[in-house]
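The exercises below are meant to be worked with the sequence and the three-dimensional structure side by side. Try each task before reading its solution.

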Amino acid sequence: PPPHTHTHIHPYQPMSRVVRRASEEDVPMMVSVVNWAYRGKAGKDGWTGEMHLIEGERINEDRLRPLLAVDHYLFFVLELDDVIVGVIKLDFNSEKNEVEFGMFAVDPDHQGKRVGSDLLKKAVEVSKERNYEFAIMWVVSVRQDIIAWYTKKWQFELTDETVPFPPASAGAGVPKSEVAPDGLEFVVLRRKL
């Protein structure tokens with residue numbers, strides 16, 4: 001009989017992987033990635049998704065576009081073969097000597113592929129280069145899995161600070177009443193840079 005042969009199926013490996021500053025023309029794809037990450041993509045809810053907690057879009061182009069021009073914000077995207085698959089916003093607060101890492105999102109089809117890790121590394125690197133001492137993140141308090149990931153893998157510590165979920169008029173979605181009858185809140189995570 002012929003010798004046993006193995007057929008190896010190699011997963012797609014992107015030709016290029018780039019983390020760069022976001023620009024105005026990136027806004028439509030950034031909006032898609034953020035909404036997919038937080039609200040699901042064609043019924044697929046990545047591990048960071050909040051579809052079960054919050055309904056409505058997370059962001060839209062009209063709300064995101066002006067944020068790119070805010071001088072204390074810096075947005076980065078991660079591209080695989082020229083397609084944006086991840087986003088992070090840095091909000092520099094010189095008075096508190098801290099940087100908030102926010103609007104952190106990875107396309108559910110690309111989660112588990114170091115996209116988020118590479119974006120967080122870039123956020124930490126840029127924050128250190130600018131001599132900031134602390135980084136903070138806001139996480140929905142009921143998402144213990146995400147809090148655990150940031151505390152175990154990224155050395156964030158859970159503080160006793162909380163921030164209320166924004167009102168519906170802010171356009172970030174609305175907590176589902178059957179899940180959170182009293183609404184939702186964020187906990188603040190903090191780490192030394």
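**Exercise 1: Charges over rings**

Task: Find the ring over which the charged end of Arg130 sits, and then find the ring that Arg58 covers.

Solution. The charged end of Arg130 sits over the ring of Phe92, 4.7 Å from its centre, where sitting over a ring requires NZ of Lys or CZ of Arg within 6 Å of the ring centre and within 35 degrees of the ring normal. For Arg58, the ring beneath the charged end is that of Tyr38, with 5.1 Å to the centre. Before going further, note that this is a predicted model, in which local features need pLDDT of at least 70 and side-chain atom pairs count only at pLDDT 80 or more, while totals for chains, interfaces and linings use all residues. Residues are numbered from 1 along each chain as its sequence is written, and side-chain values use heavy atoms, with hydrogens and water left out.

**Exercise 2: The overall layout**

Task: Describe the order of helices and strands, and state what share of the residues is buried.

Solution. Begin with the elements, which are DSSP runs numbered from the N terminus (helices, H or I, of at least four residues; strands, E, of at least two). The protein has four helices and nine strands, and along the sequence they follow the pattern β-α-β-α-β-β-β-α-β-α-β-β-β. Next take the extent: the C-alpha trace spans about 70 × 45 × 35 Å along its principal axes. Of the 193 residues, 47% are buried, a class that means under 20% relative accessible area, with exposed over 50% and partly exposed in between (1.4 Å probe, protein chains only). Finally, consider contacts, that is, heavy atoms within 4.5 Å: among those between residues at least 6 apart in sequence, 69% join residues at least 24 apart.

**Exercise 3: Salt bridges**

Task: Which parts of the sequence does the salt bridge between Glu79 and Arg20 tie together, and is each partner buried or partly exposed?

Solution. A salt bridge here is a side-chain nitrogen of Lys or Arg within 4 Å of a carboxyl oxygen of Asp or Glu, and the whole structure holds 13 of them. In one, the side chains of Glu79 and Arg20 meet at 2.8 Å, N to O. Because Glu79 lies in strand E3 (residues 73-80) and Arg20 in strand E1 (residues 17-21), the pair ties together parts that are 59 residues apart in sequence. Glu79 is buried, at 10% relative accessible area, whereas Arg20 is partly exposed at 24%. A second example joins Arg143 and Asp145, also with 2.8 Å from N to O; Arg143 is buried at 6%, and Asp145 is partly exposed at 39%. To finish, follow the shared partners, through which salt bridges join Arg20, Asp26 and Glu79 into one network.

**Exercise 4: Aromatic pairs and the cores**

Task: Starting from the pair of Phe101 and Phe156, work outward to the ring cluster and then to the largest nonpolar core.

Solution. Rings of Phe, Tyr and Trp (its six-membered ring) pair if their centres lie within 6.5 Å, and planes under 30 degrees apart count as stacked, over 60 as edge-to-face and the rest as tilted. Of the nine aromatic pairs in the structure, one is formed by Phe101 and Phe156, edge-to-face at 6.4 Å centre to centre and 75° between the planes. Phe101 lies in strand E5 (residues 98-106) and Phe156 in the loop between helix H4 (144-154) and strand E7 (157-164), so the pair ties together parts 55 residues apart in sequence. Both residues are buried. Ring pairs then link Phe101, Phe104, Trp149, Tyr150, Trp154 and Phe156 into a cluster.

The last step concerns nonpolar cores, which are sets of buried Ala, Val, Leu, Ile, Met, Phe, Trp, Tyr and Cys residues joined through side-chain atoms within 4.5 Å. The largest has 30 residues, and those with the most contacts inside it are Ile88, Leu90, Phe101, Leu120, Tyr150 and Phe156. Its elements giving two or more residues include helix H3 (115-129) and strand E6 (134-140), and H3 supplies the largest share, six residues. A second, separate core of 17 residues includes Val31, Tyr38, Tyr73 and Val77.
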